[in-house]
Amino acid sequence: MKIDDTLGFAFRSLRGYPLRTGLMLLAMAIGVASVVLLTALGEGARRYVTQEFTSLGTHLLIVLPGRSETTGGPPPLLGETPRDLTLEDALALLRSSAVRRVAPVMVGSAPVARDGLSRETVILGTTAAMAEVRNLSMAQGRFLPAGEASRAEAHCVLGNKLKTELFGNTSPLGRFVRIGERRFRVIGALAPKGQSLGVDISDVAIIPVASASALFNRVSLFRILVQARGRDAIPRAKEAVLEIIRERHDGEDDITVITQDAMLATFDRIFKTLTLAVAGIAAISLAVAGILIMNVMLVAVSQRTGEIGLLKALGAPGGQILHLFLSESAMLSLVGAALGLLLAGGGLVLAERFFPNFPMAAPAWALLAAVGVALASGLVFGVMPARRAARLDPVAALSRR
Amino acid sequence: MICLEQVERVFQVGEETVYALQQVDLTIQPGEYVSIMGPSGSGKSTLLNILGLLDRPDRGVYRLEGLDTTELGERKQADIRRHKIGFIFQFFHLILRLTAAENVELPLTLAGVAAGQRKARVAEALDRMGLADRARHRPDQLSGGQRQRVAIARATIMQPAIILADEPTGNLDRASGTDVIETIEGLNRAGMTVVIVTHDPELGKRTGRQVRMLDGRIEDDLRRAS
C-alpha cells in the first residue's frame with residue numbers, strides 16, 4: 001500500500017467520526033497550547049527582568065561601602081561602614097583602563113520648594129557621568145554639565161514627576177527652586193522613565209555631588225556607579241576597583257562590588273529553570289491527551305472490528321493494519337498540535353494587546369518541543385490500539401456484524 | 001486446485017472440546033461450482049474460512065494450486081488472499097464511510113496499485129455489475145442487492161481464481177437474491193472457481209456439485225451430471 005493511500009485512508013476514517021476526532025484534536029490542541037503559552041509566560045518574565053536590568057545602564061558595576069562577608073547575600077545597605085567612600089575614591093577609579101565612566105552617588109532627603117509649593121524629595125548628588133551610566137534621557141534642557149566634580153554649582157535637574165508637581169505644564173528651565181536652605185537653578189528635566197528596580201527616578205532632584213555634600217554636610221557617598229569599557233572588561237574593572245580602594249583605604253577590603261551582569265546571569269538562570277519547570281508541568285497535559293488518544297483509538301478498534309476483519313480478508317497483513325491505525329494517531333496528534341500552535345498564537349496576540357509592557361514570546365525550542373512531544377505521545381499511545389487491531393483474528397472480526 | 005487432506009479444526013468452548021471439522025478430505029477442480037450445505041454448527045463456515053486462509057487447520061494439509069498453505073507465514077497467506085481469493089459475505093461488509101467506488105477500489109489500494117490505473121479498473125468493474133451510476137453513492141444509499149453487487153465487484157477486482165461466498169443471499173429478498181446468484185454464476189462461467197456456503201436448498205440445487213456437511217464431517221458429495 002502506498003504511503004499517500006495509507007494517509008488518505010486514515011484521514012477518511014478520522015473524518016468518518018467527526019465528534020470523536022474533534023474531541024481528540026481539542027485535547028491535543030489544549031495540551032500543545034498550554035505548553036507554548038506557559039513557556040512564553042516564563043520567557044516573558046525572564047525578558048522583563050533582563051529589560052529592567054538593562055535599563056539601569058550597561059556594563060554596570062555598583063560599589064557599596066562596607067563588605068559583605070557571606071557571598072551571594074544581599075549587599076549591606078545598612079549597618080556599620082568601616083570607612084566612608086568619598087568623592088576622591090570615586091574619581092581615583094578612573095585611573096583604571098577598564099573603567100570608562102564613574103558616577104558617584106550621594107543620597108539624601110530634603111524639601112524642594114518653589115513659591116508656596118514644597119515637597120519632601122530624594123536628592124541625588126552626582127556628576128555629569130550619571131546620564132550615560134544610567135541611560136538617562138532628558139525631556140527638557142540638559143543634564144548636569146561636565147566639569148570639576150568638586151565645584152558646588154547651584155543648579156539642578158528635576159525628575160519628571162517632581163517637575164510636574166512643582167511647575168505643572170510650564171517650562172521649569174531657568175527657574176529657581178529651593179532645596180533645603182539653598183537656591184538652585186533648574187537646567188533640565190528628565191524624560192519619564194518610571195520605576196527602575198524599585199527606585200522611582202521620576203521623583204528626584206539631581207544636583208552636583210559637591211553641592212549635595214555641602215547641603216547634607218557630609219562626604220560619604222551612598223554608592224559609586226562604575227561603567228566598564230565593555231562586557232569583557234567587567235571582571236578587570238571589578239579587580240581594579242577593589243585594588244584602588246584597598247590602596248586608598250590602608251589595605252582594607254571594606255567595599256562590596258556588585259556587577260550587574262552577575263545579577264543578570266543569576267536572574268536569567270532562575271527564570272530559565274522556572275520556564276522549563278512550567279513547560280514540564282504543561283507537558284503532562286500532553287501526556288493526558290496522549291492517553292485520551294489511546295483510549296479513543298481502543299474504542300475505535302473495537303467498533304471497527306468488522307472493517308479490520310474485512311481488510312484482512314482482502315489481503316492486508318497485520319503490519320499494514322498497524323500502519324493504518326498508527327497513521328491515524330500520528331495525524332491526530334499533528335493536526336492537534338497545529339491547532340494548538342494556532343491557539344497559542346492567538347493567546348499571545350491577546351496577551352500582547354492587554355499587557356503591552358510584558359514581553360511574552362514563545363521561544364522556538366518550546367514550539368518544537370511541544371509538537372515533538374505531541375507527536376511522540378500520539379505514536380506511543382497509538383501503538384497499543386494499533387497492535388490490538390493488527391492481531392485481531394479475522395474470523396472472529398468478520399463474524400460480528 | 002483446492003485440495004484438503006484429513007483436515008481437522010478443534011475449538012475449545014469452556015470445558016468442552018468441539019470438533020468443527022473432522023477428517024475432511026475435499027478436492028475442488030478449477031472452474032467448479034460448489035455449494036456447501038448443512039445445518040448450523042455443521043462446520044461449513046469453518047470449512048470456508050480455512051479455504052479462504054482466514055483460519056488454520058489444527059491438523060491435516062491444505063494445498064492450494066499445489067502449494068502447502070499450512071506452513072506459510074501470516075504475510076504470505078495475506079498475499080494469497082489478496083491475489084487468489086475473493087470473499088463475498090452475508091452482511092456485505094462494505095465500509096460505510098466510503099463510496100461504492102472506494103469500496104471496490106480498496107483491494108487495489110491495499111495492493112499498492114497506482115491511482116490512475118485503479119480508477120479505470122473500478123469503473124469497469126462497477127459497469128459490469130450495472131452500478132456505473134451508483135459509483136459515488138455510499139452503501140446506506142444503496143439497496144441490499146446493489147450492496148451485494150458492490151461487494152461482488154470488490155471481490156473480483158483483483159481477478160482471483162476462487163470466489164468464496166458465505167450465505168450471499170441470506171440477507172436479501174428473493175428477487176435480488178436471484179439477481180446476485182446469477183451474477184455469481186456469470187463469474188463461474190467466466191472461469192472462476194466458486195464455493196458457496198448456504199442452507200438454502202433452492203440455491204444448492206443450482207450448483208454443479210453439492211457438499212453436505214454434518215457434525216464436522218462431509219456427509220455426502222454429489223455431482224450433477226452436466
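Here are a few worked exercises on charged side chains in this structure, which is a predicted model.

**Exercise 1.** Work out where B:Arg81 sits and which side chain of opposite charge is nearest to B:Arg81.

*Solution.* Start with the backbone: B:Arg81 belongs to helix 2 of chain B, which covers residues 74-84. Next, look for a partner of opposite charge. The nearest one is B:Glu74, at 5.2 Å. A salt bridge needs the nitrogen and the carboxyl oxygen within 4 Å, so B:Arg81 has no salt bridge even though B:Arg81 is buried.

**Exercise 2.** Find what surrounds B:Arg81, leaving out residues up to four places away in sequence.

*Solution.* Take chain A to begin with: B:Arg81 touches A:Lys312, A:Ala313, A:Gly315 and A:Ala316, among others. Then turn to chain B, where the contacts include B:Gly52, B:Leu53, B:Leu54 and B:Phe87. Now zoom in on A:Lys312: its backbone oxygen lies 2.7 Å from a polar atom of the B:Arg81 side chain.

**Exercise 3.** The structure holds 34 salt bridges over all chains. Pick the one between A:Arg248 and A:Asp89 and say which parts of chain A the pair ties together.

*Solution.* First check the distance: the closest N and O atoms of A:Arg248 and A:Asp89 are 2.5 Å apart. Then place both ends. A:Arg248 is in helix 7 (residues 234-248) and A:Asp89 in helix 3 (residues 87-92), so the salt bridge ties together parts of chain A that are 159 residues apart in sequence. Last, check exposure: A:Arg248 is partly exposed, at 35% relative accessible area, while A:Asp89 is buried, at 2%.

**Exercise 4.** Do the same for A:Glu165 and A:Arg119, whose side chains meet in a salt bridge.

*Solution.* The N to O distance here is 3.6 Å. One end, A:Glu165, is in helix 5 (residues 160-167) of chain A, and the other, A:Arg119, is in strand 3 (residues 117-126), so to speak 46 residues along the chain from its partner. As for exposure, A:Glu165 is partly exposed, with a relative accessible area of 40%. A:Arg119 is partly exposed too, with 23%.

**Exercise 5.** Are B:Glu105 and B:Arg118 buried or exposed, and which helices do they link?

*Solution.* Begin with the salt bridge between their side chains, at 2.7 Å from N to O. It links helix 3 (residues 100-111) of chain B, home of B:Glu105, with helix 4 (residues 115-128), home of B:Arg118; the two residues are 13 apart. Finally, both B:Glu105 and B:Arg118 are buried.

Note on methods:
Residues numbered from 1 in each chain as written. Chains lettered and ligands numbered in written order. Predicted model: local features only at pLDDT ≥ 70, side-chain atom pairs only at ≥ 80, totals over all residues. Heavy atoms only, no water. Helix = DSSP H or I, 4+ residues; strand = E, 2+ residues; numbered from the N terminus. Buried < 20%, exposed > 50% of the residue type's maximum accessible area, 1.4 Å probe, protein only. Lys, Arg positive; Asp, Glu negative; His and termini not counted. Polar contact = N/O pair within 3.5 Å; in protein donor to acceptor, adjacent residues only side chain to side chain. Contact = heavy atoms within 4.5 Å.
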